[in-house]
Amino acid sequence: MSTIESSPTAAGAGANASENFKATAGTRDVADTPPERVAAIVTSVLKGVHDAIAAHDVSYPEFQAAKAWLMAVGEGGEWPLFMDVFVEHAVEAQVATSQRGTKGSILGPYYLPDQVRLSATCRLPRRDDEQGLPLVLAGQVRDIDGTPLAGAEVDLWQADADGYYSGFAPHLPEGNLRGVIVTDDEGRYEIDTIQPAPYQIPTDGPTGQLIEAAGWHPWRPAHLHIQVRAAGHRPVTTQLYFAGGEWLDSDVAEATKPELIIDPTDDGNGNRRGVYDFELEPQPGS
Ligand code: MBD
Ligand code: FE
């Protein structure tokens, strides 16, 4: 694995994911929250803020610093990054209480829809000189009753061996290490890719500055992002992690789950193979 020689810059690492978030608004369900519910939620959030101010005897300079920081997050386009790192895991955990089958994890800020469709056995698009340990990810997509799901979509996106995502890093070709793999007649897939590096939140933007100011670390463990979709089934958005990897127990985004850790086998000839089967529940109401 190549190493990150210097910390990624906020611009270089695509910390500004705001444009993509706005551009993909049409792909998401719309919230239809009645006024009483808006009031109840926002009252709770504000009460948390007010309570923290009292509990910690917050000063005027601290209040104004918070305001300046909030402005910088917006101006730097880092709200998608901040929300997905520090808040999304709680939403995912809530949704997970009603989801059966494969455990979900957070979507994060770097999903791009409409990537190249690939047949069940494939190589993920990569540069000719793509660095990183080779990795084959293989498995089967099934219904929770065990029925194989042919023609299911395994939508995979991942960082490269330096921790950068295509579409959010100017030096990477469009579509690099992204693809939608369609399962075969037995619901199987087999993807030839490389092992991603851990992801470091850029230290020079407002999110990174907050992490530094709080004395936290800016790392996520190495992970593959996967969304699995099949007709008549509830899609699952998840991530796979690597056994023994750094930061597994202290993910800044709190998005790891023990069920999502794979332990690829290595035959000593550079062939590493990780296996993961996905199980989708029928679409509620279908
Ligand atoms: C990532 O790669 C990621 O997965 C999340 C959730 C947040 C920031 C970067
Ligand atoms: Fe990620």
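**Pockets, salt bridges and the iron site**

The largest pocket of the structure encloses about 1,300 Å³ of space. The model is a predicted one, and the values reported here are computed from its atoms. In total, 31 residues line the largest pocket, and those lying nearest its centre are Arg28, Glu88, Leu107, Gln227 and Thr237. Both helices and strands contribute to this lining, with at least two residues each coming from helix H1 (18-23), helix H4 (79-86), helix H5 (88-96), strand E9 (223-229) and strand E10 (236-242). When the lining residues of the largest pocket are sorted by class, 15 are nonpolar, 9 are polar and 7 are charged.

The second largest pocket holds about 540 Å³ of space, and its lining is made up of Glu62, Ala65, Ala66, Trp69, Leu70, Trp79, Phe82, Met83, Phe86, Leu210 and Trp216. Two elements, helix H3 (60-75) and H4, give two or more residues to this lining, and H3 gives the most, with 5 residues. Helix H4 is thus named in the lining of the second largest pocket as well as in that of the largest pocket. By class, the lining of the second largest pocket comprises 10 nonpolar residues and 1 charged residue, with no polar residues.

The count of salt bridges in the model comes to 16. In one of them, glutamate 153 pairs with arginine 117, and the closest N and O atoms are 2.4 Å apart. Because glutamate 153 belongs to strand E4 (residues 153-158) and arginine 117 to strand E1 (residues 117-118), this pair ties together parts that are 36 residues apart in sequence. The two partners differ in their exposure to the surroundings: glutamate 153 counts as buried at 19% relative accessibility, the cut-off for this class being under 20%, whereas arginine 117, at 53%, counts as exposed.

A further salt bridge joins aspartate 277 to arginine 142, with 3.1 Å between the closest N and O atoms. Aspartate 277 is placed in the loop between strand E13 (272-275) and strand E14 (278-280), while arginine 142 is part of strand E3 (residues 134-143), so that the contact ties together parts lying 135 residues apart in sequence. Aspartate 277 is partly exposed, having a relative accessible area of 30%, and arginine 142 counts as buried at 18% relative accessibility.

Glutamate 190 and arginine 273 likewise meet through their side chains in a salt bridge, at 3.3 Å from N to O. Here too distant parts of the chain are linked, since glutamate 190 lies in strand E6 (residues 188-194) and arginine 273 in strand E13, 83 residues apart. Both partners fall into the partly exposed class, glutamate 190 with a relative accessible area of 30% and arginine 273 with a relative accessibility of 36%. Beyond individual pairs, Arg117, Glu153, Asp155 and Arg229 are joined into one network by salt bridges that share partners.

The iron ion (ligand 2) is coordinated by the OH atom of Tyr165 and by the NE2 atoms of His223 and His225, at 1.9 to 2.1 Å. Along the sequence, these donor residues follow the spacing Y-x57-H-x1-H. Histidine 223 counts as buried at 3% relative accessibility, and histidine 225 is also buried, with a relative accessible area of 4%.

Terms used. Residues are numbered from 1 along each chain as its sequence is written. Chains are lettered from A and ligands numbered from 1 in the order in which they are written. This is a predicted model: local features need pLDDT of at least 70, side-chain atom pairs count only at pLDDT 80 or more; totals for chains, interfaces and linings use all residues. Side-chain values use heavy atoms; hydrogens and water are left out. On a 1 Å grid over the protein atoms alone, a cavity is a set of points where a 1.4 Å probe fits but cannot get out, and a pocket is an open set with protein on both sides within 12 Å along at least five of seven lines; lining residues have an atom within 4 Å of a point. Grid points are joined across faces, edges and corners, and a volume is the space filled by probe spheres set on the points. Helices (H or I, at least four residues) and strands (E, at least two) are DSSP runs, numbered from the N terminus. Ala, Val, Leu, Ile, Met, Phe, Trp, Tyr, Cys and Pro count as nonpolar, Asp, Glu, Lys and Arg as charged, and the others, Gly among them, as polar. A salt bridge is a side-chain nitrogen of Lys or Arg within 4 Å of a carboxyl oxygen of Asp or Glu. Buried means under 20% relative accessible area, exposed over 50%, partly exposed in between (1.4 Å probe, protein chains only). Donors are N, O and S atoms within 2.8 Å of the metal (3.2 Å for Na, K and Ca); water is not among the atoms, so sites may look incomplete.
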